[in-house]
Amino acid sequence: MKKNKFVVIGLGKRGSTYIKLLEQNPRIDIIGVCDNDVKRNNNIGIKFFKDYKKMLSDVDFDCAVICTPPNTHYDIASYMVKNGKNIIV
């Protein structure tokens, strides 16, 4: 079974919740997480990025889950779509 590769952008409460939910799906691998606050890395065993643009250039993924504050959604989502990525906001 092919697994879909996901990244999560934003590691606050919503992002942490999404990670827990996604980890329960056997068809999903979380291969990267991103947050501008390095303290949120928490060494969860997933490659950490501080910049979503750098993450896009460094890892190949199928879908980005955007869990940042609402005022950042448009910029991140449009960047991902322009680069051929599926998104969940």
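**Cysteines, sheet and pocket in a predicted model**

The sulfur of Cys 67 lies 10 Å from the closest cysteine sulfur, which belongs to Cys 63, and this is too far for a bond. The model described here is a predicted one. Seen from the other end of the pair, the result is alike: the closest cysteine sulfur to that of Cys 63 is the one in Cys 67, at 10 Å, again too far for a bond. A disulfide requires the two sulfur atoms to be within 2.5 Å. The structure accordingly holds zero disulfides. Both cysteines are tucked away from the surface by the criterion used here, which calls a residue buried when its relative accessible area is under 20%. Cys 67 has a relative accessible area of 10% and therefore counts as buried, and Cys 63, with 7% relative accessibility, is buried as well.

Cys 63 also offers a convenient way into the sheet. Together with Val 65, Cys 63 lies on one side of strand E4, while Ala 64 and Ile 66 lie on the other; all four residues are buried, so both faces of E4 are covered. Strand E4 takes its place in an open sheet of five strands, arranged in the order E3-E2-E1-E4-E5 with parallel pairing. The edges of this sheet are formed by E3 and strand E5 (86-88); each of them has a single partner strand, so one side of each is left without a neighbour in the sheet.

The pairings can be followed across the sheet, beginning at E3. Strand E3 (residues 48-49) is joined to E2 by two bridges, and these strands run parallel. Here Val 33 has Phe 48 of E3 as its bridge partner. Phe 48 has a relative accessible area of 19% and is therefore buried. Between the C-alpha atoms of Phe 48 and Val 59, which are 11 residues apart along the chain, the separation is 11 Å.

Next comes strand E2 (residues 28-34), which is mostly covered, with five of its seven residues buried. E2 is linked to strand E1 (residues 4-9) by six bridges, again with the strands running parallel. Within this pairing, Ile 28 in E2 stands opposite Asn 4. To pass from E1 to E2, the chain travels through H1, and the resulting β-α-β crossover is right-handed.

On the other side of E1, four bridges connect this strand with E4 (residues 63-66) in the parallel sense. Two of the contacts can be named: Val 7 has Ala 64 of E4 as its bridge partner, and Ile 9 is matched with Ile 66 of E4. E4 in turn is joined to E5 by three bridges, and the two strands run parallel. Ala 64 reappears in this pairing, where its bridge partner in E5 is Ile 87. The chain makes its way from E4 to E5 through H3, in a β-α-β crossover that is right-handed.

The helices of these crossovers return in the description of the largest pocket. This pocket has a volume of about 280 Å³. Its lining is made up of 19 residues, and those nearest the centre are Gly 10, Asp 35, Asn 36, Thr 68 and Pro 69. Two elements, helix H1 (13-23) and helix H3 (70-82), each give two or more residues to the lining. Of the elements, H1 gives the most, with three residues. Sorted by class, the lining has seven nonpolar residues, alongside six polar and six charged ones.

Taken together, the model shows a parallel sheet of five strands, with right-handed crossovers through H1 and through H3. Helices H1 and H3 also contribute to the lining of the largest pocket.

Key:
Residues are numbered from 1 along each chain as its sequence is written. This is a predicted model: local features need pLDDT of at least 70, side-chain atom pairs count only at pLDDT 80 or more; totals for chains, interfaces and linings use all residues. Side-chain values use heavy atoms; hydrogens and water are left out. On a 1 Å grid over the protein atoms alone, a cavity is a set of points where a 1.4 Å probe fits but cannot get out, and a pocket is an open set with protein on both sides within 12 Å along at least five of seven lines; lining residues have an atom within 4 Å of a point. Grid points are joined across faces, edges and corners, and a volume is the space filled by probe spheres set on the points. Ala, Val, Leu, Ile, Met, Phe, Trp, Tyr, Cys and Pro count as nonpolar, Asp, Glu, Lys and Arg as charged, and the others, Gly among them, as polar. Buried means under 20% relative accessible area, exposed over 50%, partly exposed in between (1.4 Å probe, protein chains only). Two strands pair if DSSP finds at least two bridges between them. A crossover is right-handed if, with the strands pointing away from the viewer, the path from the first strand over the helix to the second runs clockwise.
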